[in-house]
Amino acid sequence: MKEFMNEDFLLSNETARTLYHDHAENVPIIDFHNHLNTRAIYEDLCYDNMTEVWLGGDHYKWRAMRAWGVPERLITGDGAPYDKFMAWAETIQNSIGNPVYHWNHLELQRYFGIKEPFRPETADKIWEECSAKLKTPEYSVRNLLRMQNVEVLCTTDDPADTLEYHKKLKKDNFDIAVYPTFRPEKAIGIEKEGFAAYMEQLGKAADMTLNSAEDVLNALKKRLTFFMETGCRVTDHSLENSFYLPASTEEVNAVFRKRMAGGVLTAEECAGYHGWMLTELGREYSRRGLVMQLHIGALRNNSTRLFRALGADIGVDSMNDFNYAPQLSALLDAMDRTNELPRTVLYYLNPRDADMLASMAGNYQSNDQGIRGKIQLGSAWWFCDHKTGMEKQMQALSNAGLISTFIGMLTDSRSFLSFPRHEYFRRILCNQIGTLVENGEYPADMNYLGKMIENICCNNAKTYFEF
């Protein structure tokens, strides 16, 4: 019987252990997609207790607690922090096989040096020890990031955002680079409630009056310039329904005016607007040398009851199952026809789409700039962010492309304790590659393999995003 989550956790053979400990373990973290609070980084916040830093905003944990029957008062409600923590201790003991169980214990080990299993019997001691440390300057937000050797962070930001704290961090010369990510989701989601009100907000930010789809695009371009002045290298888009039909500028301008006048749009009109805006933005990203991320397949806010009570991003989203390969091909091709397709990262939420996206990426790799893996199959995302999901993603990428060009892991998290997820990924990656070598499927060229592992864990992302 192996020791619980020891130094060789998830490393099943000698090659895997060598690749991890000699090459993956200590390279810096490039976290190119997360939802961290930039104000907390600038103000160098210290948390009062483990509930604040561990359970606050973490919908992975909230979903598990709901499944264990914990009342909402002890999840997102007004329950006492200690009571919430104890409810989590009982939940985590019953989370065998869930990736949150491993993340939970990696966080205890890496930040607090606690190796004993977290369960109700140990929870009180862990609460006291961790909460005491969190109140000290050594455990401030900035130091939590330094503990994990984080080098670059890319937060997720709306085009109308002032980026106040990004600018302050830049002026402060913080040793970890914190860049904004341009996410124009509200400007593209013409069918969503609040679109008209958002147009006013975006117009104010861009100092423009928005009377057409072209005006919206120009406002976004103006805000993109502002974002790039603050270091932006990445853009992000969530595609949750039909996102591409060919449409002319005149057609989408008419759709925009209809929506702003209070008209009800058809699904086809929405898809035409989505596709036109994504295509024009993608071309602009290409001209500016920015990366376009496409997160595809979330079905959001399923529980109307909880959504009305708590709002979005509270753990009632799941994976969708709509078919989108022809739309995605048409979208990418619309930009590629004129050689204006930017570097693009494709993320699937439904695991059935892994092989489709891996093969789709191969259609558009051609470029004269020497970009390796111009179109990326993004790391296993959200409901695929576990051992079997990561293995499937790596296998799909290896089968249809080149895993050596992979830009690796991200946290996609709101938690400042989430960075051991990079370790989790790195261990699984090293085991996947190590097993191929041990099976005689690839030579034991450790110089090459070690460099490749370092590239996937860090260097490929640095080069790809031009950090």
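**Sheet, pocket and cavities**

In this predicted model, strand 6 (residues 291-296) and strand 9 (residues 344-348) run parallel and are joined by 5 bridges. Both strands belong to an open sheet of 5 strands. A pocket of about 1200 Å³ is the largest in the structure, and a search of the whole structure also finds 3 cavities of 30 Å³ or more.

**Sheet**

- The strand order in the open sheet is 4-5-6-9-10, and the pairing is parallel.
- At the edges are strand 4 (181-182) and strand 10 (375-377), each of which pairs on one side only.
- Between strand 6 and strand 9, which 5 bridges join, M292 stands opposite T344 of strand 9.
- Helix 16 (residues 325-336) packs on the sheet and touches strand 6 and strand 9.
- The direction of helix 16 makes about 170 degrees with that of strand 6.

**Largest pocket**

- The largest pocket holds about 1200 Å³ of space, and 42 residues line it.
- E185, K186, K192, A312 and D313 are the lining residues closest to the centre of this pocket.
- At least two lining residues come from each of helix 2 (38-43), helix 4 (59-67), helix 9 (164-172), helix 10 (185-188), helix 11 (195-206) and strand 7 (298-299).
- Helix 9 contributes the most to the pocket lining, with 3 residues.
- By class, the pocket lining has 16 charged, 14 polar and 12 nonpolar residues.

**Largest cavity**

- About 150 Å³ of space lies in the largest cavity.
- This cavity is lined by 13 residues, of which I188, G189, S238, L239 and H274 are the closest to its centre.
- Helix 10, strand 5 (234-239) and helix 14 (267-288) are the elements that each give two or more residues to the cavity lining.
- Strand 5 provides the largest share of that lining, 3 residues.
- The lining of the largest cavity divides into 5 polar, 4 nonpolar and 4 charged residues.
- Helix 10 supplies at least two residues to the lining of the largest pocket and two or more to that of the largest cavity.

**Second largest cavity**

- The second largest cavity contains about 60 Å³ of space.
- Its lining consists of G56, G57, D58, H59, Y60, D412, S413, R414, S415 and R421.
- Of these lining residues, 5 are polar, 4 are charged and 1 is nonpolar.

How values were computed:
Residues numbered from 1 in each chain as written. Predicted model: local features only at pLDDT ≥ 70, side-chain atom pairs only at ≥ 80, totals over all residues. Heavy atoms only, no water. 1 Å grid on protein atoms, 1.4 Å probe; cavity = no way out; pocket = protein on both sides within 12 Å on 5 of 7 lines; lining within 4 Å. Points joined across faces, edges and corners; volume = space filled by probe spheres on them. Helix = DSSP H or I, 4+ residues; strand = E, 2+ residues; numbered from the N terminus. Nonpolar A, V, L, I, M, F, W, Y, C, P; charged D, E, K, R; others polar. Pairing = 2+ DSSP bridges. Contact = heavy atoms within 4.5 Å. Axes fitted to C-alpha atoms, helices over the stretch in contact; angles between N-to-C directions.
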